[in-house]
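Visitor: Could you walk me through this model, with the cut-offs spelled out as we go?

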Amino acid sequence: MSSVATALRGRVVTPVEIIEDGLVVVAEGHIPWVGAAAEAERAGWGDLLADAVVAPESGYLLPGLVDVHCHGGGGESFPNAETADQAMVSILEHRRHGTTSLVASCVTAAADVLRARACVLADLCDAGELAGIHFEGPFVSVERCGAQDPTYIIAPDAALTRELIELGRGHVVTMTIAPEKPGITGGDGVVAALIDGGALPSFGHTDSEAAPVRAGLADASARLAARVRSGQPVRSTRSTATHLFNGMRPMHHRTPGPVPEFLAAARRGECVLEMIGDGVHLAPEIVLDMFETLGRENVILVTDAMAAAGMPDGDYVLGPAAVTVADGVARLTEGGAIAGGTAHLIDVVRTTWRGGVDLVDAVYAASCQGAEVLGDDSIGALEPGRWADLVVTDADLAPVRVLRRGEVVV
């Protein structure tokens, strides 16, 4: 049974527990068995123990991480990638650091640029290198555009949305939209175009008051539920919110804005909330608060990484915008707004864990939750039957070995 199998041994992080001395078996690119090393003999895998790859002392075996919001890394940027080779630089940068499933995020840009990026990125999705495509804009708020270039922000356009989905060849996962803008809801709105096309609305970059946010969330929830009832496929039963707290009007008790609506929708099971838990975009304390308030099933850790991830301080670009990175923080060269992240997702998990979130829950939010958004139950956890996507780390979560589909990445 184990003649073509290999194994890895260490503290195995599953969706429900840490197996202190665990074994993960890899065969034909998949995981046939996970369990305590002491049970391997009885399960028929005892002959793998002697040659198992062992994690560093007190090290961990994590599932391959799943990042559904990433603009680049390694010096390259998905919004600027005119070729597959350019995009692969960013993909491999994050893969080497344990993100084995990656969604490439674009930024607000001219329609022709978005069309061109959709084609390049869809080719990489077809090749299995990317897990999907995320369009961050162009139907967002000028007032809360952040690092999005307001020059290219346009009114919501369902026809353009459908065109981008078609060019994405089934790989468009999410699109960030501001719910207060006209043309978002209704049968001919952008939400309907996204859901009918197999994508999800991601509400964000918004200056909205509460009512439009609630209306947008309700429209999305009703349309997703209707598809489920009629037996039509949906990527997920929940919409998402793009990087909670960032790029949106802050909460105030007299003008509540969008944040309480997102929190309430998450509690209702209608929306999963992205958080950039890198210690720059959000304080670790608020990340811990959200885990404790909403539960790990309603939040998802992302990087929002740009070209500077894994790179030294210096000058970079994010779409049409110039970005300067100093002390590891990326800001627009003109204006100083935070312009994406510079962390890998394993760094976000580490920061979240150090901030008080249980490691099992932090890993869950960076793996299982991304798999749910993608609608892909073959990834996201160290469980039998799933792809053998694993990250071997030391005791401080520094990656020392990465497997993707059973093949060694580093």
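Guide: Happily; here are some questions and answers on the chain as a whole, then on its sheets.

Visitor: What kind of model is this, and which conventions apply?
Guide: Residues are numbered from 1 along each chain as its sequence is written, and side-chain values use heavy atoms, with hydrogens and water left out. Local features need pLDDT of at least 70 and side-chain atom pairs count only at pLDDT 80 or more, while totals for chains, interfaces and linings use all residues, since the model is predicted.

Visitor: What radius of gyration does the chain have, set against a compact globule?
Guide: The radius is taken over C-alpha atoms, and the globule rule is 2.2 Å times the number of residues to the power 0.38. For 410 residues a compact globule would come near 22 Å, so the chain agrees with the rule at 21 Å.

Visitor: What percentage of the residues count as buried?
Guide: Buried means under 20% relative accessible area, exposed over 50%, and partly exposed in between (1.4 Å probe, protein chains only). By that cut-off, the buried part of the 410 residues is 57%.

Visitor: What share of the contacts with a separation of 6 or more joins residues 24 or more positions apart?
Guide: A contact here means heavy atoms within 4.5 Å. Among contacts in the chain with a separation of 6 or more, the share from residues 24 or more positions apart is 70%.

Visitor: How many helices and strands are there?
Guide: Helices (H or I, at least four residues) and strands (E, at least two) are DSSP runs, numbered from the N terminus. The chain comes to eleven helices and 21 strands.

Visitor: Which strands stand at the edges of the open sheet of eight strands?
Guide: Two strands pair if DSSP finds at least two bridges between them. The order is E6-E9-E10-E11-E12-E13-E14-E15, with parallel pairing. One side of each edge strand is left without a neighbour in the sheet, because each has a single partner strand; these are E6 (65-70) and E15 (299-301).

Visitor: At what angle does helix H9 run to E6?
Guide: Axes are lines fitted to C-alpha atoms, for helices over the stretch in contact, and angles run from 0 to 180 degrees between N-to-C directions. Helix H9 (residues 345-354) lies across E6, E9 (99-107) and E15, and its angle to E6 is about 105°.

Visitor: Is strand E11 mostly covered or uncovered, and how many of its residues are buried?
Guide: Strand E11 covers residues 172-177 and is mostly covered. Four bridges join E10 (residues 132-136) to E11 in parallel, and four bridges also join E11 to E12 (residues 200-203), again parallel. The buried residues of E11 number six of six.

Visitor: Which residue of E12 is the bridge partner of Met175?
Guide: On the E10 side, Phe135 stands opposite Met175. In E12, the bridge partner of Met175 is Pro201.

Visitor: What handedness does the unit of E11, helix H5 and E12 have?
Guide: A crossover is right-handed if, with the strands pointing away from the viewer, the path from the first strand over the helix to the second runs clockwise. With helix H5 at residues 190-196, the β-α-β unit of E11, H5 and E12 is right-handed.
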